[in-house]
Amino acid sequence: MNTSETPADLVAAEDVLLFVNAAITATGQREFRSDAVGQQLSLDFLHAYVRVNYRRVYASSLALDINDHNAARIVLGLLETAGEASAEERRTEGRLIAARLALLPPQRVYRLFGEVRRAGINNRRTRAIMRDWLAARPDLGHDAVKYRGGVKTAARHIHLRCPEGAEPLAEVGAFLFRPGRLPRYEHRLLDAWRRAHYEQGAVAELPFTVAEGFAARHGMKREVFLKRAAPRMTRLERLRTHSVTQRPETDLTVMPLTRLALYVLSLPFEQRAARRTELTGALRTAARRAAGGHAGSWGRVHAVLDDSFSSSGSGQKRRRPLAVALAGHHLLEVLAAPGAYRGLWTSGRGDALLVRPWGPTPLGMRVLDALEPGPGGAAPDRLVIVSDGWDNAPAGLAGEVLRVWRKRLDPGRRTAVVHVNPVYDADGFDVRRLAAGVPTAGIRDAEDLPALVEIARFAEGRTGAAELHAYLDRRVALFLGEKETVS
């Protein structure tokens with residue numbers, strides 16, 4: 001740590017890490033131990049506090065692996081308080097906002113535009129950002145059908161010019177604001193929407209979420225409708241709509257790792273066992289893709305993985321903590337050197353594919369097991385703990401084990417210890433930590449684990465605010481595609 005840094009610098013670094021952890025894990029939804037209202041109030045405070053006191057960091061967070069919910073909130077906060085920023089800050093913020101909007105799902109962006117309109121944010125910069133995003137959409141006609149309310153709200157807010165005539169934008173304008181005026185549309189989806197009001201055959205031509213409403217209106221049988229709509233369904237729509245007795249007609253190996261883990265955990269044990277080769281192969285393929293160039297570079301890795309009852313999550317985030325642990329298990333196996341990985345579940349189970357949320361959280365006992373030397377008598381190079389941090393069997397043992405290990409047995413830090421936590425603790429305004437000396441980072445998707453380990457080192461107390469801000473500057477430069485290295 002830089003000895004020239006003041007206590008205020010250290011507090012600032014802690015505040016930044018606190019916010020980053022929240023922006024990665026919290027979504028304002030109910031968790032196992034806190035309700036949605038508490039989550040939302042906690043996030044409201046953190047966003048306001050960091051935006052007012054560390055505006056540069058608040059904007060820079062858009063370049064990190066934060067979740068979409070908080071990315072949208074940051075964009076709204078920056079646009080709403082543009083008068084508090086300098087001209088240079090507004091230019092940088094505008095670039096960050098544009099780059100982040102390009103990554104967000106369109107439905108979330110349209111929802112954000114609705115919030116912008118309700119908040120009365122209608123300055124020239126905001127309208128330019130919205131106009132540029134709409135102009136970059138690959139097919140605005142498709143959006144007009146699938147997200148009609150969102151497109152209509154955005155077009156009204158920025159006063160989008162929709163001239164008369166046969167131009168694509170003119171047809172979208174007629175579809176949104178003058179329905180029924182044109183006898184037919186040149187755009188295939190716009191005309192399919194028109195015909196779907198009275199023609200069953202046109203229903204299958206529409207995006208699935210729109211077609212569902214028309215299918216119900218026409219009284220179509222669900223099985224018949226799903227069969228006709230299958231070619232236009234996304235991978236996630238196929239997974240959501242397939243029967244538990246049928247396999248989805250989609251390639252599981254191309255799914256993101258954490259999303260795939262959620263799907264696996266949604267299957268009954270019998271299906272998981274019967275499809276063991278397929279599911280395990282898909283998880284390993286997704287893990288290799290997520291590891292990329294980091295594969296095999298972490299040396300000997302031992303992991304403690306939380307499958308206690310609290311990993312069941314909540315009704316809004318069902319099995320999410322357990323899915324992160326399952327995905328993390330397969331990713332860590334790839335990150336470790338060949339044959340140098342050992343994963344320990346808190347329940348004591350040895351079959352990762354059949355894990356389920358069950359029992360207490362004996363993290364301390366599993367940490368003791370994980371710190372045992374592996375083959376050849378060598379301690380692990382890395383110990384990774386994936387847990388919500390509620391060590392309760394017995395309470396506090398994990399923190400004490402790690403404290404003694406670091407102070408007495410490994411003062412030279414030969415074993416790097418990191419705790420990644422998928423659950424935001426609303427009362428503590430952070431993710432729950434195991435011990436003061438253990439670096440902890442929030443995590444939402446296991447794919448982000450390599451990047452989060454880098455962030456977690458700032459929480460260990462050996463690096464300070466200067467290093468943290470330099471890291472944020474590098475991430476911003478990379479995010480914006482700048483070639484120069486920011487020091």
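A salt bridge, as the term is used here, is a side-chain nitrogen of Lys or Arg within 4 Å of a carboxyl oxygen of Asp or Glu. By that rule, D191, R194, R195, E199 and E205 are tied together in a network of salt bridges. The structure is a predicted model, so a bit of care is built in: local features need pLDDT of at least 70, side-chain atom pairs count only at pLDDT 80 or more, and totals for chains, interfaces and linings use all residues. Residues are numbered from 1 along each chain as its sequence is written, and side-chain values use heavy atoms, with hydrogens and water left out.

Part of that network sits in helix α11, which spans residues 188–196. Helices here are DSSP runs (H or I, at least four residues), numbered from the N terminus. Burial goes by relative accessible area: under 20% is buried, over 50% is exposed, and anything in between is partly exposed (1.4 Å probe, protein chains only). On that scale α11 is mostly covered, with seven of its nine residues buried. Among them are the network members D191 and R195, along with L189, L190 and W193.

The structure holds 25 salt bridges in total. One of them joins the side chains of E93 and R55, at 2.8 Å from N to O. This pair links distant parts of the chain, since E93 belongs to helix α5 (residues 87–101) and R55 to helix α3 (residues 55–60), 38 residues apart. And how covered are the two partners? E93 counts as buried because its relative accessibility is 2%, and R55 counts as buried because its value is 9%.

Helix α3 also supplies R56, the partner of D473 in another long-range pair. The closest N and O atoms of R56 and D473 are 2.7 Å apart. D473 lies in helix α22 (residues 465–479), and the two residues are 417 residues apart. With 44% relative accessibility, R56 counts as partly exposed, whereas D473 is buried at 18%.

A salt bridge can also stay within one helix, as D369 and R366 show: both lie in helix α19 (residues 363–370), three residues apart, or about one turn of the helix. Their side chains meet at 3.5 Å, N to O. D369, at 31% relative accessibility, counts as partly exposed, while R366 is buried, with a relative accessible area of 18%.
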